[in-house]
Amino acid sequence: MTTVIRAVRLVDGGAATDDAWIAFADGRVRDRGTGDGWRAVAADRVIDGAGGVLTPGFIDIHGHGGGGPSSDEAEASAATLAVHRSDGTTRAVVSLVPASLDALAARVAVVAGLAAADATILGSHLEGPFLDVGHKGAHTPGLLRPPDAAGVARLIDAGRGTVRQVTLPPELPGGLAAVSQFAAAGVAVAVGHTNATEDEAFAAFDAGATILTHAFNAMPGIHHREPGPVVAALRDERVTLEIIADGVHVHPDVVALAFTQAPGRIALITDAMAAAGAADGHYTLGGLAVTVTDGTARLDVGGAIAGSTLTQDAALRLAVHAGVPLATAVGALTHGSASRAGVGGWVRGGVVPRCADAVLLDERLTVRSVWVDGIPV
């Protein structure tokens, strides 16, 4: 079956094309063009985009849940992704919170099975247990531990090739060795939940780390005499910076600043917890009690921000309203950012020439329609 979407502003590959059209067939993009060229396509269905914005499907490389379930319940990952799909996220990495090594290995294995059955689940991201207790954020301190070669190997093996990303602080005992071990196994390593200095962050990047986990959060801020890991990441062209653009974790002006200082190296993530796409109220994250009020999640004890209730379409709107060009912001949600982060080898998202994952938005950048492999969802 061939589907044509016409009369859209196609935003892909860092550019915007007006009065554009694309044709999907067999889950791939068959053709594209502008004006009335679509009429030459033998289409089974023609959709009038009515001047809307058409982008590749969004890819979330860091999210913990939505619609009620969290990544503590790895089996619920497909249901969680279905919630986010209505907001444009067509493929995602499942982020897992700290747990005992036995429990975490079991969850990684569950995600591996889900990824084998569902190509929209890209694998797992280990946000723990190898985190700095002093920058634990909303994670259980008793579950945190320094990395060791045996523990690292066990988690990699449990994933059967589907552990895509790991967050760890390079300054912990064994930290740099763990960076090298994960990187050698093809896992994208992210510096985060860390007390690293600028020099320690640079050392991690030299050892193979390619990401800064939710930049500005759970790490030292920028100080004029102690630049810290954020400045190291901004200055290192090899590194992608995750940003939670919800207006709570990072001020919109700082979001715009990050795009300016690291062009092409920003990944707009959600870091979403169970309340994304659900109501305010009481939840848990990694066994910790969380209360969500006016869309902001905080721990009941201590008050730390506990993930977000963000969706990627809302992140797009905030970035654009902050002054980020639309095509640039779209790139930070789609295949470009995932590739820079090191997970692009497993990502199939994009409009041209990859698979037919696409999002149609109106002039307010509100999602109208979503396609996965050319099928409306």
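A crossover is right-handed if, with the strands pointing away from the viewer, the path from the first strand over the helix to the second runs clockwise. In this predicted model, strand E8 (residues 121–127), helix H3 (residues 149–159) and strand E9 make a β-α-β unit of that right-handed kind. The chain then crosses from E9 through helix H4 (residues 175–184) to strand E10, and this β-α-β crossover is right-handed.

**Pairing of strand E9**

E9 pairs in the parallel sense with E8 and in the parallel sense with E10 (residues 188–191). The bridges are listed below.

| Strand pair | Sense | Bridges |
|---|---|---|
| E8 and E9 | parallel | 4 bridges |
| E9 and E10 | parallel | 4 bridges |

On the E8 side, His-125 stands opposite Gln-165 in E9. On the E10 side, Val-166 stands opposite Val-189.

Strand E9 spans residues 163–168, and 6 of its 6 residues are buried, so the strand is largely enclosed by the rest of the structure.

**Val-179 in helix H4**

Is Val-179, a residue of helix H4, buried or exposed? Its relative accessibility is 1%; buried means under 20%, so Val-179 counts as buried.

With neighbours within four places in sequence left aside, Val-179 is in contact with Leu-168 and Val-189. Val-179 also contacts Ala-204, Ala-207, Gly-208 and Ala-209. Val-189, one of these contacts, is the E10 residue that stands opposite Val-166.

Phe-259 lies 80 residues from Val-179 along the chain, and the C-alpha atoms of these two residues are separated by 26 Å.

Note on methods:
Residues numbered from 1 in each chain as written. Predicted model: local features only at pLDDT ≥ 70, side-chain atom pairs only at ≥ 80, totals over all residues. Heavy atoms only, no water. Buried < 20%, exposed > 50% of the residue type's maximum accessible area, 1.4 Å probe, protein only. Helix = DSSP H or I, 4+ residues; strand = E, 2+ residues; numbered from the N terminus. Pairing = 2+ DSSP bridges. Contact = heavy atoms within 4.5 Å.
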